[in-house]
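Hi everyone, thanks for coming along. I'd like to walk you through one model today, so please have a look at it before I start talking.

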Amino acid sequence: YSAKDRGVGVCVFDTGLDDHSPERLGLLGELRRAIDSGELVLHYQPKMAMVSEEVCGVEALVRWQHPERGIIPPALFIPLAERTPLIHPLTRYVIDTALAQCARWQAEGRTLQVAVNVSARNLLDDGFVDDVLELLVRRGVPAACLELEVTESAIMADPARAQQILGRLADAGITLSIDDFGAGYTSLAHLKDLPIHQLKIDRSFVASMTTDRSDALIVRAVVELGHNLGLTTVAEGVEDEATWQRLRAAGCDLAQGYHLARPMPASELEGWYDATRGVLRS
Ligand code: C2E
Ligand code: MG
Ligand code: MG
Ligand code: MG
């Protein structure tokens with residue numbers, strides 16, 4: 001297999017603007033409309049089990065298909081939305097769209113868990129858990145098919161509250177992951193008490209583990225820490241075969257990255273999944 005570049009042209013525009021610049025405020029205003037008019041689209045990136053080489057799920061990653069600017073990557077609008085209540089309908093939209101897709105795949109015999117990224121502000125929203133549970137019921141998707149990814153900083157913004165919200169989500173049967181693990185700081189005391197299932201090792205360590213001895217050591221230490229806490233470990237940003245082999249030797253459970261597949265629109269993901277029959281190197 002080869003990870004083909006499926007990138008559609010990305011429109012890059014000036015990002016060196018402050019929060020209150022007219023362009024950013026304009027973009028925020030447009031985003032409100034974009035959510036309702038279906039301009040936000042999800043791409044899906046496979047997560048593979050390293051031993052069986054089976055596809056176990058996909059991460060949903062949002063893109064803004066802007067009528068004039070082309071595709072706007074999430075890094076250019078999610079941080080803006082996160083500073084406003086707009087992140088609530090945005091996250092709801094992404095979860096709902098991912099669940100609807102998951103239900104279609106399920107009906108077609110493709111069993112894929114979908115992961116959605118959740119922002120710090122979502123965890124501070126009183127209605128968040130009920131909203132998620134309602135969306136699961138409405139789309140007829142079992143909670144086990146949904147994974148939510150939360151960053152360390154989102155948890156550490158209010159650890160007690162995060163623990164309570166995550167506890168309710170975990171009790172409902174939703175899989176919970178800490179995203180970009182190692183990039184922020186989570187005290188080990190909190191980590192051991194969090195009702196989470198997975199650690200996603202930050203790409204910055206994974207990307208350089210074949211060239212930087214310390215990064216390789218950090219990755220191995222995180223895998224061991226995760227396993228000792230009973231957690232599944234996931235490496236993000238696996239870009240080559242050498243990294244894949246190192247991770248596998250380190251005992252990492254799952255991997256995600258351009259070496260396996262890029263994030264793809266749903267239809268392409270289906271073609272990819274069917275061609276591999278869900279197994280990579282048969
Ligand atoms: P993330 O959740 O850590 O997602 C992984 C990012 O790494 C994605 O970028 C993905 O395309 C990219 N990636 C995957 N494999 C590789 C690789 O091998 N090498 C490299 N260099 N990159 C790889 P993307 O899609 O641009 O998303 C960036 C971030 O935006 C995400 O990081 C996440 O924090 C945020 N994001 C994306 N979609 C959503 C969403 O629906 N809601 C929220 N709240 N945040 C989102
Ligand atoms: Mg993520
Ligand atoms: Mg990540
Ligand atoms: Mg990241």
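Let me begin with a question for the room: is Glu-53 buried or exposed? Keep in mind that this is a predicted model. Glu-53 turns out to be buried, with a relative accessible area of 11%; the cut-off for that word is under 20%.

Glu-53 has a partner. Arg-248 forms a salt bridge with Glu-53, and their closest N and O atoms are 3.4 Å apart. Arg-248 sits in helix α11, residues 241-250, while Glu-53 is in the loop between β1 and β2, so this pair ties together parts of the chain 195 residues apart in sequence. Arg-248 itself, at 34% relative accessibility, counts as partly exposed.

Let me step back to the whole chain for a moment. The secondary structure comes to twelve helices and ten strands. The chain has 282 residues and a radius of gyration of 18 Å, which agrees with the value near 19 Å that a compact globule would have. Along the principal axes, the C-alpha atoms fill a box of roughly 50 × 45 × 40 Å. Buried residues make up 50% of the chain. Taking contacts with a separation of 6 or more, 68% come from residues 24 or more positions apart. The accessible surface is about 12,600 Å², and carbon and sulfur atoms account for 51% of that.

Now to the metal site. Which residues coordinate the magnesium ion we call ligand 2? They are Glu-59 through OE, Asn-117 through OD1, Glu-149 through OE and Asp-179 through OD, at 2.0 to 2.2 Å. If you follow these donors along the sequence, their spacing reads E-x57-N-x31-E-x29-D. There is a neighbour too: the magnesium ion listed as ligand 3 is 3.8 Å from ligand 2, and Asp-179 coordinates both. Among the donors, Glu-59 lies in strand β2, residues 55-66, and Asn-117 in strand β4, residues 113-118, so that pair ties together parts 58 residues apart in sequence. Glu-59 is buried, at 6% relative accessible area, whereas Asn-117 counts as partly exposed at 29%.

Glu-149 is worth a second visit, as this metal donor also forms a salt bridge with Lys-47, the closest N and O atoms being 3.1 Å apart. Here, too, distant parts of the chain are linked: Glu-149 is in strand β5, residues 146-151, and Lys-47 is in strand β1, residues 40-49, with their positions 102 residues apart. Glu-149 is buried at 1% relative accessibility, and Lys-47 is buried at 2%.

That pair belongs to something wider. Lys-47, Glu-59, Glu-147, Glu-149 and Lys-200 are linked in a network of salt bridges. Two of those names, Glu-59 and Glu-149, you have just met as donors to ligand 2.

How many salt bridges does the structure hold? The count is 15. Let me close with one that stays inside a single helix. Arg-33 forms a salt bridge with Glu-30, with the closest N and O atoms 3.4 Å apart. The two are three residues apart in helix α1, residues 22-36, so about one helical turn separates them. Arg-33 is partly exposed at 36% relative accessibility, and Glu-30 is partly exposed at 21%.

That's my tour, and I'm happy to take questions.

Methods
Residues numbered from 1 in each chain as written. Chains lettered and ligands numbered in written order. Predicted model: local features only at pLDDT ≥ 70, side-chain atom pairs only at ≥ 80, totals over all residues. Heavy atoms only, no water. Donors = N, O, S within 2.8 Å, 3.2 Å for Na, K, Ca; no water. Helix = DSSP H or I, 4+ residues; strand = E, 2+ residues; numbered from the N terminus. Buried < 20%, exposed > 50% of the residue type's maximum accessible area, 1.4 Å probe, protein only. Salt bridge = Lys/Arg side-chain N within 4 Å of Asp/Glu carboxyl O. Rg over C-alpha atoms; globule rule 2.2 N^0.38 Å. Contact = heavy atoms within 4.5 Å. Areas by Shrake-Rupley, 256 points an atom, 1.4 Å probe, with all protein chains shown as cover.
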